[in-house]
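Here's a quick briefing to read alongside the model. Have the sequence and the 3D view open, and let's walk through how the chain is put together.

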Amino acid sequence: MTRLRALWSGNLPLGEAFWTYAVGIGLAVNLITSLLFLVLLSWDRPLAALFVGYALSVPYNLVALVGVWRSAARYEGRRIHADLARIVSLVGLVLLSLT
């Protein structure tokens, strides 16, 4: 839980916030919730599918996006790297949240 708090406040290095939380864990969370969504739909459980598909993945995606955004603001390297991390996180996590 302390790592998620550090992510949310932007206290993680940008590389860790982006690659570990937005890309790695973000893809895993979205893949698992998407698969569970499809399974629950096939079992004729649409409300449970909506809950699993969105109520679990979207909050994580928002935490990851805010964490990357705040870490990028503190990044002391080349500004283009921070800007690209923000753009890729925003586009990627929005697309993953909508599908």
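## The overall picture

Of the contacts in the protein chain with a separation of 6 or more, 66% are between residues 24 or more positions apart. Keep in mind that this is a predicted model. The protein chain has five helices and zero strands, so to speak an α-α-α-α-α run when read from the N terminus.

**Chain-level numbers**

- Along the principal axes, the C-alpha atoms of the protein chain fill a box of roughly 50 × 25 × 15 Å.
- The protein chain has 99 residues, and 31% of them are buried.

**Helix 2, the one with the kink**

- Helix 2 covers residues 14–42, and at 1.5 Å a residue its 29 residues should span 42 Å; the end C-alpha atoms are 39 Å apart, which agrees.
- There's a kink of about 35° in helix 2, and Gly 26 sits at its centre.
- Gly 26 is also one of the buried residues of helix 2, and the others are Leu 14, Ala 17, Phe 18, Tyr 21, Ala 22, Asn 30, Thr 33 and Leu 40.
- What do those buried residues pack against? Their partners are helix 1 (2–9), helix 3 (46–55), helix 4 and helix 5.
- In general, an α-helix has 3.6 residues a turn, so residues three or four places apart point the same way.

**Just past helix 2: Asp 44**

- Asp 44 is in the loop between helix 2 and helix 3.
- Its phi is near 60°, which is a positive value in a residue other than glycine.
- Is Asp 44 buried or exposed? Asp 44 has a relative accessible area of 63%, so it counts as exposed.

**How the helices pack**

As a reminder, two packed helices are described by the angle between their axes and the distance between the axes.

- Helix 4 with helix 5:
  - Helix 4 (residues 57–74) and helix 5 (residues 79–98) pack at an angle of about 170°, and their axes are 9 Å apart.
  - The two helices are therefore roughly antiparallel to each other, since an angle over 145 degrees counts that way.
  - Helix 4 brings Val 58, Asn 61, Ala 64, Leu 65, Val 68, Trp 69, Ala 72 and Ala 73 to the contact, while helix 5 brings Arg 79, Ala 82, Ala 85, Arg 86, Ser 89, Leu 90, Leu 93, Leu 96 and Ser 97.
  - Sorted by class, the residues of this contact are 12 nonpolar, three polar and two charged.
- Helix 1 with helix 4:
  - The axes of helix 1 and helix 4 cross at roughly 55° and come within 6 Å.
  - That makes helix 1 oblique to helix 4.
  - On the helix 1 side the contact uses Leu 4, Leu 7, Trp 8 and Ser 9, and the helix 4 side includes Tyr 60, Val 63, Gly 67, Arg 70 and Arg 74.
  - The contact of helix 1 with helix 4 has nine nonpolar, two polar and two charged residues.
- Helix 3 with helix 4:
  - Here the axes come within 4 Å and cross at roughly 10°.
  - Helix 3 is thus roughly parallel to helix 4.
  - Val 52, Gly 53, Tyr 54 and Ala 55 of helix 3 meet Ser 57, Val 58 and Pro 59 of helix 4.
  - The contact of helix 3 with helix 4 has five nonpolar, two polar and no charged residues.

**Three partly exposed residues to click on**

- Leu 96:
  - Leu 96 lies in helix 5 and counts as partly exposed, at 25% relative accessibility.
  - Which residues does Leu 96 touch, not counting those up to four places away in sequence? They are Leu 27, Asn 30 and Asn 61.
  - Leu 96 and Ala 49 are 47 residues apart along the chain, and their C-alpha atoms are separated by 16 Å.
- Val 39:
  - Val 39 lies in helix 2 and is partly exposed, with 34% relative accessibility.
  - C-alpha to C-alpha, Val 39 and Ala 49 are 7.9 Å apart in space, and in sequence they are 10 residues apart.
- Leu 84:
  - Leu 84 lies in helix 5 and is partly exposed, at 44% relative accessibility.
  - The C-alpha atoms of Leu 84 and Val 39 are separated by 35 Å, with their positions 45 residues apart along the chain.

Terms used: Residues are numbered from 1 along each chain as its sequence is written. This is a predicted model: local features need pLDDT of at least 70, side-chain atom pairs count only at pLDDT 80 or more; totals for chains, interfaces and linings use all residues. Side-chain values use heavy atoms; hydrogens and water are left out. Axes are lines fitted to C-alpha atoms, for helices over the stretch in contact, and angles run from 0 to 180 degrees between N-to-C directions. Angles under 35 degrees count as roughly parallel, over 145 as roughly antiparallel, 65 to 115 as roughly perpendicular and the rest as oblique. Contact means heavy atoms within 4.5 Å. Ala, Val, Leu, Ile, Met, Phe, Trp, Tyr, Cys and Pro count as nonpolar, Asp, Glu, Lys and Arg as charged, and the others, Gly among them, as polar. The expected span of a helix is 1.5 Å times one less than its number of residues. The bend at a residue is the angle between axes fitted to the seven residues ending there and the seven starting there. Buried means under 20% relative accessible area, exposed over 50%, partly exposed in between (1.4 Å probe, protein chains only).
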